[in-house]
Structures are given as C-alpha cells and as structure tokens.
Amino acid sequence: MTTIFHNPRCSKSRAAVELLRSREIDFELVKYLEAPPSEKQIRDIVKMLGIKPAELVRKGEKLFKELKLGEQELSDKEWIAILASHPSLIERPIVLHEGRAAIGRPLENVVEILDQ
C-alpha cells in the first residue's frame with residue numbers, strides 16, 4: 001500500500017498526488033493537518049526515511065519561531081512529541097511506498113522510491 005501525508009494547500013504535495021495518479025498507483029491520502037500521525041507513526045516514518053526527527057521539521061514555519069524551537073536542544077523523543085502535537089511543523093509531502101519513504105521536496109525523491 002502507498003500512503004501520502006498530504007497538505008492540499010501545498011503545491012509540492014499536490015504535485016506528489018498527481019504523480020501517484022498519473023502512474024495509476026492506488027494510495028491512501030492522509031490529510032495530516034486534520035488527522036495528525038501518532039508518535040509511533042512519526043517514529044516509523046523517520047526510521048524509513050533514515051533521518052533524525054529534527055530533520056523532518058519545517059524550520060521556516062512561524063510556529064517554529066514562536067515555540068523558540070531553534071533555541072532548544074531537544075532529544076529525538078521530544079521532537080517526535082512536538083511533531084505529533086504540531087503537525088504543521090512536519091515537512092511535506094511524505095510518501096510511503098512498499099517499505100520505503102520519501103519527502104517530496106524535490107518531487108524526484110518520490111519518483112526514486114516509486115522506480116525502485
């Protein structure tokens with residue numbers, strides 16, 4: 001099964017959805033701002049991506065600055081809790097496909113996991 005964590009307001013996210021449709025791939029669309037991933041799901045996604053939780057954070061978001069997250073040293077567990085509580089901070093789109101994951105910035109990252 002293929003899943004996309006999608007924000008309809010994001011052009012990169014919309015492009016990833018169109019890519020999946022153009023390839024006729026069945027997928028589950030998760031509007032993660034409405035249905036945020038759990039801490040366990042975030043841990044699993046980070047593991048699949050092969051990154052640290054802090055690398056999944058949108059550091060340019062207003063909320064990132066408001067929470068002064070750039071001024072703190074946080075553990076992986078703390079970052080995961082923050083992402084679960086504040087899904088707008090999660091980088092997007094994220095596509096999970098056949099045991100692999102990619103952040104769709106750039107979209108070629110998604111193409112790469114689809115073509116493997």
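In which loop does proline 93 lie? In this predicted model, proline 93 is placed in the loop that runs between helix 4 (76-85) and strand 3 (94-97). The peptide bond leading into this residue from arginine 92 is cis, with omega near -15°. Most peptide bonds are trans.

A cis peptide bond also joins arginine 105 and proline 106, where omega is about 0°. Proline 106 belongs to the loop between strand 4 (100-103) and helix 5 (108-115).

These loops form part of a fold with five helices and four strands in the protein chain. In sequence order, the elements follow the pattern β-α-β-α-α-α-β-β-α. The radius of gyration of the protein chain is 14 Å, close to the 13 Å given by the globule rule for 116 residues, so the chain is as compact as a globular protein of that length. Taken along the principal axes, the box filled by the C-alpha atoms is roughly 45 × 25 × 25 Å.

Burial and contacts describe the interior of the chain. Of its 116 residues, 41% count as buried. Among contacts between residues at least 6 apart in sequence, 63% join residues that are at least 24 apart. As for the surface, the protein chain exposes about 6700 Å², and carbon and sulfur atoms supply 48% of this area. The charged side chains comprise 19 positive and 19 negative ones, and the centres of the two sets lie 4 Å apart.

Two glutamates show a further feature of the backbone. Most residues other than glycine have a negative phi. Glutamate 24, however, has a positive phi of about 55° although it is not a glycine. This residue is found in the loop between helix 1 (11-22) and strand 2 (27-31). Exposed residues are those with a relative accessible area over 50%; glutamate 24 is therefore classed as exposed, because its value is 71%.

Glutamate 98 likewise is not a glycine, yet its phi is positive, at about 50°. Glutamate 98 lies in the loop between strand 3 and strand 4. With a relative accessibility of 55%, glutamate 98 also counts as exposed.

In summary, the unusual backbone geometry described here concerns residues in loops: proline 93 follows a cis bond between helix 4 and strand 3, and proline 106 follows another between strand 4 and helix 5. Positive phi values occur at glutamate 24 and at glutamate 98, which are found in the loop after helix 1 and in the loop after strand 3, respectively.

Terms used: Residues numbered from 1 in each chain as written. Predicted model: local features only at pLDDT ≥ 70, side-chain atom pairs only at ≥ 80, totals over all residues. Heavy atoms only, no water. Rg over C-alpha atoms; globule rule 2.2 N^0.38 Å. Buried < 20%, exposed > 50% of the residue type's maximum accessible area, 1.4 Å probe, protein only. Contact = heavy atoms within 4.5 Å. Areas by Shrake-Rupley, 256 points an atom, 1.4 Å probe, with all protein chains shown as cover. Lys, Arg positive; Asp, Glu negative; His and termini not counted. Charge placed at Lys NZ, Arg CZ, Asp CG, Glu CD.
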